[in-house]
Number of protein chains: 2
Amino acid sequence: MPAVARSPRKPRTPRPQARGLRTREAILASAVDIASVDGLDGLTVGSLAAQLRMSKSGLFAHFGSKEELQLATIEVARQIFITQVTRPAIAAPRGMPRLWGLINQWLILVERRVFSGGCFFSAASFEFDSKRGVVHDRIAAIMREWMDVLTRAVEQAQKAGHIGAKVNSTRLAYEIHGVAMGAHWSHQLLDDKQAYSRARSIVLEKLRSIATPASPRLP
Amino acid sequence: MPAVARSPRKPRTPRPQARGLRTREAILASAVDIASVDGLDGLTVGSLAAQLRMSKSGLFAHFGSKEELQLATIEVARQIFITQVTRPAIAAPRGMPRLWGLINQWLILVERRVFSGGCFFSAASFEFDSKRGVVHDRIAAIMREWMDVLTRAVEQAQKAGHIGAKVNSTRLAYEIHGVAMGAHWSHQLLDDKQAYSRARSIVLEKLRSIATPASPRLP
DNA sequence: ATAAAATACGAACGTTCGTGCTATTTATTT
DNA sequence: AAATAAATAGCACGAACGTTCGTATTTTAT
């Protein structure tokens with residue numbers, strides 16, 4: 001056999017079986033929750049192991065490094081986000097209903113406290129926005145994905161004639177997103193009980209102000 | 001059982017002199033910078049001491065605990081915020097100009113990268129929004145302060161007849177704040193170069209749409 | 001039933017964390 | 001110039017950090 005150059009550092013790669021996958025799943029479910037409260041750096045192998053009543057080393061073996069654990073945690077959070085926000089919103093017909101659905105489902109997500117620290121990605125965004133590395137990059141990519149979904153929804157609403165063609169779709173997407181994130185900030189930090197309903201009012205008012213007569217009625 | 005409750009812990013209280021205050025100032029200037037990047041928890045006594053080329057213990061003696069260091073750091077950040085945002089904005093006459101000034105000065109602050117991690121309080125807000133304790137409380141109080149300044153500016157603009165009396169001042173304040181924070185998020189995380197100018201467009205458009213004829217012209 | 005592979009554990013590694021103590025250097029006051 | 005007080009350094013601590021390793025316990029494949 002030719003002495004091929006070894007790949008630099010692939011520490012261990014067993015093929016995971018049913019049991020391993022189950023624990024991995026349990027680990028990551030806890031990880032998402034802890035990270036949404038304490039941040040992805042505040043998430044530690046020790047505290048995670050303690051909460052799951054297993055050994056640090058046993059837990060650690062599932063990932064090989066803390067960075068891998070963080071990345072895996074992000075992917076699980078993304079799946080939750082897709083399941084709870086994007087998917088239900090996409091069920092609504094293209095145009096104004098879907099656009100409203102996207103932002104409304106996000107508000108429902110944070111209201112339901114699916115992540116016990118509020119919104120995983122809001123927290124992760126601000127935690128990693130000044131850091132560099134693969135974790136930052138992954139978070140940024142997912143958030144770009146989200147903004148693209150929002151922007152595309154606006155453009156579809158324009159194609160459907162629900163919103164005038166003159167509206168700047170990117171700008172509207174950012175406006176809506178900003179208001180929603182601001183509401184979450186206010187609810188989470190200032191314990192502002194009216195935050196989410198106020199956000200709904202603001203967004204609905206905005207959407208109504210640019211809706212064409214052809215647009216389906218908003219709630 | 002011993003009788004009296006001891007005062008919780010006042011570890012050392014020398015009266016600070018000129019030199020001590022100077023070092024303290026230097027420490028906190030670095031602390032604000034580090035914290036705006038790595039967070040108030042990511043800020044460590046060791047890294048701070050290393051950056052200032054002094055001993056951990058010598059540095060630590062200025063504060064007595066990490067929490068005190070965090071609180072002191074927050075106060076310095078607040079002063080910077082007041083100096084760079086609130087004060088210049090208040091120089092403008094009451095009403096629409098001052099309201100615009102507040103949000104515009106904030107945008108200038110983050111554009112200038114006065115904090116090398118972007119906006120200290122955005123980062124701190126999301127870092128501590130799910131934690132409890134005096135640090136959280138102080139951050140929340142300062143942010144409440146800020147939202148009150150914004151809201152009062154709207155109300156003054158209404159009293160001055162620049163904005164119609166029917167406008168919900170709280171709602172408008174949150175709308176503007178959300179858009180600004182969203183822009184910062186986008187610039188910081190997604191490296192969106194147009195974020196701030198887009199935010200200015202959105203806010204100006206909004207303000208123009210509710211401005212009365214009596215309102216001074218906006219930029 | 002047995003071999004092999006996947007999973008988990010316990011103990012330990014070197015570092016860094018926050019935080020004390022004690023000394024020493026530097027500044028102020030007499 | 002001596003006495004005093006403040007500022008900083010040195011050193012050590014226990015705990016927690018991420019990580020590695022050897023070993024025991026499962027579970028799967030032969």
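**View 1. The surroundings of DNA strand C.** In this predicted model, 25 residues surround DNA strand C, and the closest of them are G20(A), S57(A) and G58(A) from chain A together with G46(B) and S57(B) from chain B. In chain A, the elements that give two or more residues to the surface near this strand are α1 (18–42) and α3 (56–60), while in chain B they are α1 (18–42), α2 (45–52) and α3 (56–60). Sorted by class, the residues of the surface near DNA strand C comprise eight nonpolar, 12 polar and five charged ones.

**View 2. The surroundings of DNA strand D.** Around DNA strand D there are 26 residues, of which G46(A), G20(B), M54(B), S57(B) and G58(B) are the closest. Two or more residues of the surface near this strand come from each of α1, α2 (45–52) and α3 in chain A, and likewise from each of α1 and α3 in chain B. The surface near DNA strand D is made up of eight nonpolar, 12 polar and six charged residues.

**View 3. The side of chain B that touches chain A.** Where the two chains meet, 33 residues of chain B are in contact with 33 residues of chain A. On the chain B side, the elements that give two or more residues are α1, α6 (120–128), α7 (134–159), α8 (169–190) and α9 (195–210). Among these elements, α8(B) gives the most, with 14 residues. The residues on this side of chain B divide by class into 13 nonpolar, 13 polar and seven charged.

**View 4. The rotation axis that relates the two chains.** A turn of 180°, with a shift of 0.0 Å along the axis, lays chain B on chain A with an RMSD of 0.0 Å, and this is the relation of a two-fold axis. The same surface serves both copies, since 100% of the contact residues of chain B recur in chain A. The residue of chain B that comes closest to the rotation axis is G178(B), whose C-alpha lies at 2.4 Å from the axis.

**View 5. Confidence along chain A.** The mean pLDDT of chain A is 93, and 94% of the residues in this chain reach 70 or more. Over residues 1–11 of chain A, however, the pLDDT is below 50, and beyond near neighbours in sequence this stretch has one contact in the model. Where pLDDT is low, the predicted coordinates should not be read in detail.

Conventions:
Residues are numbered from 1 along each chain as its sequence is written. Chains are lettered from A and ligands numbered from 1 in the order in which they are written. This is a predicted model: local features need pLDDT of at least 70, side-chain atom pairs count only at pLDDT 80 or more; totals for chains, interfaces and linings use all residues. Copies are superposed by least squares on the C-alpha atoms of residues with pLDDT of at least 70 in both. Two residues are in contact if their C-beta atoms, placed from the backbone, lie within 7 Å. A residue is near a molecule or strand if its C-beta atom, placed from the backbone, lies within 6 Å of it. Helices (H or I, at least four residues) and strands (E, at least two) are DSSP runs, numbered from the N terminus. Ala, Val, Leu, Ile, Met, Phe, Trp, Tyr, Cys and Pro count as nonpolar, Asp, Glu, Lys and Arg as charged, and the others, Gly among them, as polar. pLDDT is the predictor's confidence in each residue, from 0 to 100.
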